[in-house]
Amino acid sequence: MQEGEPLRVRRAVHHVPVAPVAFPQTKIVLVTSGWTHLAHRDHLVPLAEGDIAILPSGACVGGEPLPKVETVTLYFDPSYLRQQLTWSSRQVAFAALLESAADGAGDIIPIRPPDRHRRMLIDQACALARADSARSAPSLRLLGEALTLIAALDQSDGMVRPTIPRREVRAAVDAMRSDIARRWTAADLSCAVNLSQSQVVRLFNAAFGEPPITVLQRLRAERLASLLLTTDLSVQQCATTVGWKDAGHACRMMIRFHGLTPTRYRRMSHLHR
């Protein structure tokens with residue numbers, strides 16, 4: 001990011017720990033997949049998929065993926081961010097937190113959006129990263145969409161300290177995500193992570209408040225949502241890709257987890273791009 005540039009958006013995948021590094025920009029990090037710990041001032045901040053962290057300007061922050069994490073990071077010029085907050089603070093409830101971050105004050109601020117908004121925010125952030133990587137000069141539209149994304153965070157549940165699931169649970173989720181169309185059972189997962197079926201179910205309920213089958217349905221709904229946004233496949237084709245042969249069932253699952261039908265989700269997502 002060049003000096004004086006108001007905004008850059010970058011998508012990254014990390015497989016190994018990142019040594020502490022300081023950036024002059026105010027950073028907003030959204031975890032698009034996986035889990036990680038951010039390290040700042042001798043504190044560890046755990047983040048899960050869909051979680052967001054606001055990093056103060058100049059903060060020296062390191063990261064430890066568990067074991068892999070994908071993120072989208074918005075790098076804001078602090079002066080530009082403060083200028084925008086001057087007129088947008090009435091719409092953004094946590095404007096004071098952003099202002100403190102722009103001033104380089106305070107610790108990392110973790111935020112957990114409601115489940116019904118997490119997939120949409122992830123998709124919007126990824127779209128911003130794609131748009132930024134394709135541009136050759138600052139774009140007013142990109143800036144506007146980034147500020148719209150920030151305003152959407154006003155619907156968040158607030159600051160959180162989420163618990164990172166056990167290694168076996170993370171491995172089971174990664175296995176399901178890597179073969180999303182497979183008809184996974186508790187027995188399959190127990191073999192994949194070398195735990196008993198009862199342990200697998202207990203650990204999933206402890207980590208997510210849901211059994212493995214419900215987590216699988218959620219993962220399929222998230223993948224279907226991503227396909228609706230990034231491809232021109234029909235709803236039936238998207239459903240088949242994620243393991244649902246019946247488009248009607250896929251529609252019911254999308255309503256359950258995202259509150260919208262597939263067609264409505266695709267239309268609303270495009271309106272926000």
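A residue is called partly exposed here when its relative accessible area lies between the buried range, under 20%, and the exposed range, over 50%. With that cut-off in mind, the tour can begin; the model is a predicted one.

**Whole chain**

Display the full chain and colour it by secondary structure: 11 helices and seven strands should appear. Of its 273 residues, 50% count as buried. The accessible surface comes to about 13,300 Å², and carbon and sulfur atoms account for 53% of that area. Among contacts between residues at least 6 apart in sequence, 75% join residues at least 24 apart.

**Stop 1: Arg166 and Glu168**

Select Arg166 and Glu168, which form a salt bridge whose closest N and O atoms are 3.3 Å apart. Arg166 has a relative accessible area of 42% and is therefore partly exposed. Glu168, by contrast, counts as buried at 15%. This pair belongs to a structure in which a search finds 14 salt bridges.

**Stop 2: Arg10 and Asp132**

Next, select Arg10 and Asp132, whose side chains meet in a salt bridge with an N to O distance of 2.9 Å. Arg10 lies in strand S1 (residues 7-14) and Asp132 in helix H3 (residues 115-134), so this pair ties together parts that are 122 residues apart in sequence. How do the two partners stand with respect to solvent accessibility, buried or partly exposed? Arg10 is partly exposed at 36% relative accessibility, whereas Asp132 is buried with a relative accessible area of 0%.

**Stop 3: Arg218 and Glu210**

Move to Arg218 and Glu210, a salt bridge with its closest N and O atoms 2.4 Å apart. Glu210 is buried, with a relative accessible area of 14%. Now return to Arg10 and Asp132 and add Glu5 and Arg8 to the selection: salt bridges that share partners join these four residues into one network.

**Stop 4: His40**

Select His40, a residue of strand S3 (residues 26-40). At 7% relative accessibility, His40 counts as buried. Which residues does His40 touch, leaving aside those up to four places away in sequence? They are Ala59, Cys60, Val61, Gly106, Asp107 and Ile108.

**Stop 5: the largest pocket**

Turn on a pocket display and go to the largest pocket, which holds about 610 Å³ of space. Its lining comprises 24 residues; Glu49, Asp115, Arg118, Phe208 and Arg218 lie nearest the centre. Arg218 is thus a residue already visited, as the salt-bridge partner of Glu210. To show the surrounding elements, select S3, H3, helix H5 (167-178), helix H7 (197-208), helix H8 (212-230) and helix H10 (247-258), each of which supplies at least two lining residues. Coloured by class, the lining divides into 11 nonpolar, four polar and nine charged residues.

**Stop 6: the second largest pocket**

Finish at the second largest pocket, with about 450 Å³ of space. Thr32, Ser33, Glu70, Arg177 and Arg223 lie nearest its centre, among 24 lining residues. The elements that give two or more residues to this lining are S3, strand S6 (60-76), H3, H5 and H8. Which element gives the most to the lining of the second largest pocket? Select H8, which gives six residues. By class, the lining of this pocket has seven nonpolar, six polar and 11 charged residues.

Technical notes: Residues are numbered from 1 along each chain as its sequence is written. This is a predicted model: local features need pLDDT of at least 70, side-chain atom pairs count only at pLDDT 80 or more; totals for chains, interfaces and linings use all residues. Side-chain values use heavy atoms; hydrogens and water are left out. Helices (H or I, at least four residues) and strands (E, at least two) are DSSP runs, numbered from the N terminus. Buried means under 20% relative accessible area, exposed over 50%, partly exposed in between (1.4 Å probe, protein chains only). Contact means heavy atoms within 4.5 Å. Accessible areas come from the Shrake-Rupley method with a 1.4 Å probe; for residues, only the protein chains shown count as cover. On a 1 Å grid over the protein atoms alone, a cavity is a set of points where a 1.4 Å probe fits but cannot get out, and a pocket is an open set with protein on both sides within 12 Å along at least five of seven lines; lining residues have an atom within 4 Å of a point. Grid points are joined across faces, edges and corners, and a volume is the space filled by probe spheres set on the points. Ala, Val, Leu, Ile, Met, Phe, Trp, Tyr, Cys and Pro count as nonpolar, Asp, Glu, Lys and Arg as charged, and the others, Gly among them, as polar.
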